[in-house]
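Grab a coffee and work through these short exercises with the viewer open. Try each task on your own before you read its solution.

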Amino acid sequence: MTLHAALFYILATVTAISAIGVAVTSNIVRAATWLLFALASTAGIYFLLGADFLGATQLIVYVGGTMILVVFGVMLTASGPFVNMKVGAAEWAISLAVGLLLYSVLAIVLLQIEPPSRNIPPNHTLLPSKHIGAALLGSSSSTPEAKVTGLRGGQFIPRTRVSYLLPFEIISVHLLVVLIGAAYLARAKRRREDVA
Amino acid sequence: MDFFLGTYYPVFMYLVVVIGFAIAAPLTAHLIAPRKVTPVKQMPYESGMDPIGDARMKFDVKFYLIAILFLVFDVELLFLYPWAATNQTTGSLIPSAFKDVVFWEIQAFLLTVVVAYIYAWRKGVFKWR
Amino acid sequence: MQDNLAIALMGFPSQLLPEIILGLAACVLFLGATWKVSRHVWGTVALAALVLAGLAMWSVHHSHTPIENEPKAEFADTIRFSAPVLYTKFGVLFKLIGLITGVLLVLLGWDEGGEEHAGEYHACLLLIAAGIGLTGAANDLITLFLALELISIPTYIVLYLPRITAPAQEAAMKYFLLSVFSSGLLLFGFSYLYGVTGTTNISGILDSLGASQGGIATRAVPTWRGLVLVSLVMIVAGLGFRITAVPFHFYAPDVYQGTTTVSAGMLAFVPKIVGFAALLKLLGFVGDSNGQAMGSQAPILFWIMAAVTMTLGNILALWQTNIKRLLAYSSIAHAGYMLIGLAVAPRMTGTSADAVNGVEAVVFYLAAYGAMTLGSFAVLHVLSQSGKTVENEDDLVGLGKTHPVMALVMVLFLFSLIGMPLTAGFVGKFLLFFDAMSVFSSIPEGNAEAVRQATEQGRLYGLLALIGAVNAAIGAWYYLRLASAMYLREAIMPLPAVKTTPAVFAMVVCAVLTLVLGMFPSTLLSPIREAIRPTIAGQAKIAADGPKVAQR
């Protein structure tokens, strides 16, 4: 077993166990902590795949930001020292059944496919974040050219040449609206405090 | 673009040191430290102050809003980082035909950030009261 | 080649001029709202922005050729397989629908909520209008997802802004959580599609999935089929929330009841139209891709969804006394009727040029549904403006005597929802049911096995049309109950007189649209047909690609 594989198995195990922990524990703070581990080890898997920008994003946004929100949310709303979410036996049974069903469907589907051929050589030596930057800014020369499927009649069509310039701009509008929503939420909360 | 393990050797070493220290320090203390239990030592430590009330108290909602604002601007920043990494590299990462468009695009992106910022400012979101 | 690519990648700012104008206007409104509080000023600015966007659309229409009409095939292919947005007739149609919807929503929302939020409120409505146009134009999974979210995120704010009552907050929260969950499902489906095809470009995905004979069913690597099916199911689930298809419908009655009348009207229409637009695109029913790739993979799924959705929606609506809840269940039922079109669509390729195929019927029904549903919510909103919120069936009692004009307009919308002749609803239902029936009559010549299969399918779709007809009859019962309450019973507490407000104007526009679409359906039907039908070159390609009746 290579070091690569060993690292992958370690990270995958940590992710899986933590994810189960999130679902199983009834204490909300513990669930948040399990989620932290699950997200962090997912970031590790991204690094392992060579997507260092994505891994860093995962660490900064999810592990660093969203988790703080979750914990703050708990601290804001907790009426007692320990928040417990009691789940009934029937709910357990149903969610377990649904989860297992989905898992088995996905597992069967994924086991069917042939492993991807490894003969696609990396055709560039960019650092991935530069790579993403180039793609985001509309230079499509560096998007990955994965040729997984057949082409009609041997005709070559540059499948992966896609510019993310426009999505980039739409995202900025999204963030604007999100911030306005957050600002409104802030004022609404404050007004209620003033009334009280 | 495959994962090049060598890049991460310092990270591994760092992780080993951190985890090792985290285990070794309490363990050493546990093994060799002398123990004299007094009531004062049993108290929770809050920078030398006498602890007041319960540590598990409700937090002010303001902290939460600051966290949301942080997260929004954090994500804005993340979208700017790849541009920053690409823009200054020499070579043909961004073809010359796209140079102008890219410049104006970044201006537009920054403009929306500024709009959001001014809105939040005018609405008094940054006031701590 | 490089020039083509540059045009493909950089050509979007000019063709998206209407959306850019709407976005800029939204920024102006957001900022302006912090300086001046006035609903009339910001309402007017929003209307002006929409008109300006309409003018921009008109000028773009004259300066750009839709990709279908592009004479140079190689150039068209380059653009189709690389651009994040396409300038197509389908996109133009949705831009137009988006702008009209935007105007109606701005007029309806004129007096909504507190005056201090008017600027933000209208800005969000403008972004929603832009999102509808962008969904129609999207040619990339990422653009499509972002366009859908450009509608969802402002919607959360619109739901939350007008009033801070407990039911409204609960409705906003419920919608928010479920909407985020459905977006997650959608992304999951998208990730599998990307994994299978190696591209996020929708044209590219459809092309590679339908690469050789008969779609992926007989492709060289059949083992990938499972992945495609999983992603198809996830995408349908994610979009099913937006179109309120059973089993993703359960939020609708609670949310519509809890939120304001205008927001409920918006929720009944906007997510549905973009949901169907996205489905049509992803399933490949638009233009040259012909549904072979994705749309024909799980026809029975849509069959079941259509049957269950319309039946459940109609039967549950029978028991409702709250009008908003009733309209929520009716919107579920109408989603079911529209799903008939999706179930039928893969069977209708290759029928004669005169026949209307399922997809065209769906798009027509969407427009008709928008006019009549927004209209009926507009009537409720106009009646509620004098103080008392009109919510229950009893509030409408005796309306025929106290407000004869309002009652007449409401009856028009109700008749259209039933599907009475001369209204838009009739044409829509007729097209859908007729399609389902005509599968039977379009059995191809060929070997015995193919004929037997086709006959069986014809029976199946005939049954679907029958279920639809029974449902239309059930629907007539509760719509007529409302109408009879307005005319046959005496008012105990008559509603106050109606004020003339911008919302009245929106109501009139909806009524006119309902009548025009009902009496002259071809005004809309022929542009839709042009937008949906494959080009001549595309037809040749499809004919070369494989059999018309795909394998189950």
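Buried residues make up 18% of the 129 residues in chain B. Keep in mind throughout that this is a predicted model.

**Exercise 1. Describe the makeup of chain B and chain A, and say what share of chain A is buried.**

Start with chain B: it has four helices and zero strands, so written out from the N terminus its elements read α-α-α-α. Now move to chain A, where you should find six helices and, again, zero strands. From the N terminus that gives α-α-α-α-α-α. For burial, 27% of the 196 residues of chain A make the cut. Last step: take the contacts in chain A between residues at least 6 apart in sequence, and 49% of them join residues at least 24 apart.

**Exercise 2. Work out how many residues of H4(A) are buried.**

First find the helix: H4 of chain A covers residues 89-112, which is 24 residues. Then check its span, which is 34 Å from first C-alpha to last, close to the 34 Å expected at 1.5 Å a residue. Now count burial, using the cut-off of 20 or more other C-beta atoms within 10 Å. The count for H4(A) is zero, so this helix lies largely in the open.

**Exercise 3. Decide how H11(C) and H13(C) are oriented relative to each other.**

Step one is to locate them: H11 of chain C is residues 225-242 and H13 of chain C is residues 261-283. Step two is the geometry, with axes that come within 8 Å and cross at roughly 160°. Angles over 145 degrees count as roughly antiparallel, and H11(C) and H13(C) are therefore roughly antiparallel to each other. The handedness of this crossing is left-handed. To see who touches whom, pick out Ile235(C), Leu239(C) and Arg242(C) on H11(C); their side of the contact is met on H13(C) by residues including Pro271(C), Val274(C), Ala278(C) and Leu282(C).

Look at the spacing of those residues along each helix with one rule in mind. An α-helix has 3.6 residues a turn, so residues three or four places apart point the same way.

**Exercise 4. Do the same for H15(C) and H20(C): what is the angle, and which residues make the contact?**

H15 of chain C runs over residues 323-344 and H20 of chain C over residues 448-488. Their axes are 11 Å apart and the packing angle is about 160°. That makes H15(C) roughly antiparallel to H20(C), and the crossing is left-handed. On the H15(C) side, the contact residues include Leu326(C), Ser330(C), Ala333(C) and Tyr337(C). Across from them on H20(C), look for Tyr461(C), Leu464(C), Gly468(C) and Asn471(C), among others.

**Exercise 5. Find the unusual backbone in the loop between H11 and H12 of chain C.**

A reminder before you start: most residues other than glycine have a negative phi, and most peptide bonds are trans. Now go to Pro247(C), which sits in the loop between H11 and helix H12 (251-258) of chain C. The peptide bond leading into it from Val246(C) is cis, with omega near 5°. Thr244(C) is in that loop between H11 and H12 too. Its phi is near 50°, a positive value in a residue other than glycine. Is Thr244(C) buried or exposed? Thr244(C) has 28 other C-beta atoms within 10 Å, so it is buried.

**Exercise 6. Compare burial at Leu422(C) and Pro421(C).**

Leu422(C) lies in the loop between helix H18 (404-418) and helix H19 (424-438) of chain C, and its phi is positive, near 75°. With 14 other C-beta atoms within 10 Å, Leu422(C) is partly exposed. Pro421(C) is in the loop between H18 and H19 as well, but with 11 C-beta neighbours inside 10 Å it counts as exposed. Finish by tracing Pro421(C) to Gly518(C): they are 97 residues apart in sequence and 7.4 Å apart in space, C-alpha to C-alpha.

**Exercise 7. Judge the confidence of the prediction.**

Begin with the overall scores, ipTM 0.85 and pTM 0.89. For chain C, mean pLDDT is 84, and 87% of residues reach 70 or more. Then look for weak stretches: pLDDT stays under 50 over residues 212-220 of chain C, and also over residues 545-552 of chain C.

Notes. Residues are numbered from 1 along each chain as its sequence is written. Chains are lettered from A and ligands numbered from 1 in the order in which they are written. This is a predicted model: local features need pLDDT of at least 70, side-chain atom pairs count only at pLDDT 80 or more; totals for chains, interfaces and linings use all residues. Helices (H or I, at least four residues) and strands (E, at least two) are DSSP runs, numbered from the N terminus. A residue is buried if 20 or more other C-beta atoms lie within 10 Å of its own, exposed if 12 or fewer, and partly exposed in between; C-beta atoms are placed from the backbone. Two residues are in contact if their C-beta atoms, placed from the backbone, lie within 7 Å. pLDDT is the predictor's confidence in each residue, from 0 to 100. The expected span of a helix is 1.5 Å times one less than its number of residues. Axes are lines fitted to C-alpha atoms, for helices over the stretch in contact, and angles run from 0 to 180 degrees between N-to-C directions. Angles under 35 degrees count as roughly parallel, over 145 as roughly antiparallel, 65 to 115 as roughly perpendicular and the rest as oblique. A crossing is left-handed if the near helix is turned anticlockwise from the far one by less than a right angle, and right-handed if clockwise.
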